[in-house]
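Visitor: I am new to this structure and should be grateful for a close look at a single part of it. Please take one strand and explain what surrounds it, and then set it within the whole.

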Amino acid sequence: MKLSFYPGCSLEGMANDYARSIIAVFMELEIELIEIEDWSCCGATAAHSISESMSVLLPARNLAAAEKLGLDIVSPCAMCFNRLRFSQQMIRKRLFDIPWPVTGDIQVHDMTRFFAEPLMITSIKKRLLKPLSGLKVVCYYGCQMVRPPKITGYTDYENPQTLDHIVAAAGAEVIDWSYKSTCCGASIGIARREIRESLTSRILQKAEQAGAEAIVVSCPLCQSNLDIFQKDRPKRRIPVFYFTELLRLGFNQIGDPHWFKMHFTDPVPLLKTKGLL
Amino acid sequence: MHNVASDREVEPKREPGKERKLIGDRGDFFLNKIQGEAGVNISACYQCERCTNACPVSHYMDIKPHQAMRYIQLGWREELLKSSTIWVCLSCEMCTTYCPNEVDVAETINHLRNMAAHSSITPKYKSLAIFHQTFLDVLITSGKVNEFRLMSAYYSKPDILKEKMKEGTLKEEILLGMALLRKGRLKLYTPRSRAIKELQKVDR
């Protein structure tokens, strides 16, 4: 099986640990990832906010490159996924002049939904060497991955299940909670800190109340936001994992021993008490 | 009995800024324009306030999402472009998702933000407008957005520096940047995309 991979800017910088864990997991599952050649940024919130045509054209360039490869795209970043899908819909409406040959016909997969397919779940279960038993987690989806349903194609946007299925397949105990897709405010965090802080602290508080020992995310911005916010908290810190990091643990691939060092909230004590490290 | 409502001349004088605006004093021109450009059926809004109740940041907004829809119906352009609403909006799409009439509220607010960015009106939250513009500038010059390049470009803007000095958070931000560097989360250099020329051509 082959897929084209659109990493997005975050995976080269802030979330380079995510990128490494993704590559490790895909290798383990024997799926070949081909990085889109010479990809460029999807424009994120900024292009969308300032110029509508840029918000369609920037992802269109990457869609054109993927179409040249003829492979479906898998996108690990929620924002990139949302922008690619949005651009695809606009391309099909033919309202913008796009300088690259693009039809908008290939599939753009969001990585969690790709892994939550029954076929992939069985494949994960088959390769599981060290089930994450006893680890109580809540899954946090964030906003851009599930909403608006017309663009993302999620039908269960009020209570999304994809991450829950994946993490449960890896053997962890998944707790249901109500803040799965509440926005964490990362996009506004740099310019208006107080707004981000009010949103993030509420999510962390609710995760604690639900009895979670860790939060599982798939969006690089959500991870850095939820993780860095806890930097100044003296106690009751909750580690924030990418789901691929947990899968990697389940496959018993420790890889680089310093891999968890990139987390501000050190997950090592928790993993040690659970006997996972 | 004297009918006050029908007598224009007895209309009480109001303080400046609080003058009564006539409903539809611009006809439905503005409404039609936004509906056409954004492709959103704003006329369908019947003020049920579901968008405002779903919005996670509505208490930071001076014009609430449902009010913004009404303002458009009434053609009150300047009030909207001057508002904090358009800059505070996170584009988290809660409003759009829960609207019973399928009014794409987030897209509409985004369209207003586009209009404000291209107008001469000073945005209420300058820092957000500057952030978005800086992001695009970095994108156009390097094809990809490197966080270090973005942050250094953003903090070297005079308005932002002034604001951070006033808030006294500059030191904190620098320390956070250092911590990110130590953790290996901030890369000083990432390869640029070869797309720069292509992108500069499409930047309008």
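Guide: The account below begins with one strand of chain A and then widens to the chain, its domains and the neighbouring chain. The model is predicted.

The part chosen is strand 7 of chain A, which covers residues 214-217. Ala214(A) and Val216(A) point to one side of this strand, while Ile215(A) and Val217(A) point to the other. In a regular strand, side chains alternate between the two faces of the sheet. Are the four residues of strand 7 buried or exposed? Every one of them is buried, whichever way it points.

Strand 7 of chain A has a partner in strand 5 of chain A, residues 136-139. These two strands run parallel and are joined by 3 bridges. Within this pairing, Val216(A) of strand 7 stands opposite Cys139(A). Strand 7 is also paired with strand 8 of chain A, residues 240-242. Here too the strands run parallel, with 3 bridges between them. Val217(A) has Tyr242(A) in strand 8 as its bridge partner.

The next topic is the nonpolar core. The largest such core holds 139 residues. Which of its residues touch the most other members? They are Val137(A), Val167(A), Ile215(A), Val216(A) and Leu246(A). Ile215(A) and Val216(A) belong to strand 7 and point in opposite directions from that strand. Val167(A) shows how these residues are connected: leaving aside residues up to four places away in sequence, Val167(A) touches Val137(A), Val216(A) and Leu246(A), among others. Its other contacts are Cys139(A), Ala172(A), Val174(A) and Phe243(A). Cys139(A), touched by Val167(A), is the residue that stands opposite Val216(A).

The view may now widen to chain A as a whole. Chain A contains 12 helices and 8 strands. Of its 277 residues, 56% are buried. Its C-alpha atoms fill a box of roughly 55 × 45 × 35 Å along the principal axes. The radius of gyration of chain A is 18 Å, which agrees with the value near 19 Å that a compact globule of 277 residues would have. Among contacts in chain A between residues at least 6 apart in sequence, 79% join residues at least 24 apart.

The domain assignment divides chain A into domain 1 (2-112) and domain 2 (128-273). Their C-alpha centres lie 23 Å apart. Where they meet, 24 residues of domain 1 are in contact with 26 residues of domain 2. On the domain 1 side, the elements that give two or more residues are helix 1 (16-28), helix 4 (78-93) and helix 5 (111-115) of chain A. That side comprises 14 nonpolar, 6 polar and 4 charged residues.

Finally, there is chain B. Its 204 residues, of which 36% count as buried, include 12 helices and 1 strand. The strand comes first from the N terminus, and the helices follow. Between the chains, 40 residues of chain A are in contact with 44 residues of chain B. On the chain A side, helix 2 (44-50), helix 3 (52-69) and helix 9 (193-209) each give two or more residues. Helix 2 of chain A gives the most, with 7 residues. By class, this side of chain A has 22 nonpolar, 11 polar and 7 charged residues.

Terms used
Residues numbered from 1 in each chain as written. Chains lettered and ligands numbered in written order. Predicted model: local features only at pLDDT ≥ 70, side-chain atom pairs only at ≥ 80, totals over all residues. Contact = placed C-beta atoms within 7 Å. Nonpolar A, V, L, I, M, F, W, Y, C, P; charged D, E, K, R; others polar. Domains from an automatic or database assignment. Core = buried A, V, L, I, M, F, W, Y, C linked by C-beta atoms within 7 Å. Buried ≥ 20, exposed ≤ 12 C-beta atoms within 10 Å, placed from the backbone. Pairing = 2+ DSSP bridges. Rg over C-alpha atoms; globule rule 2.2 N^0.38 Å.
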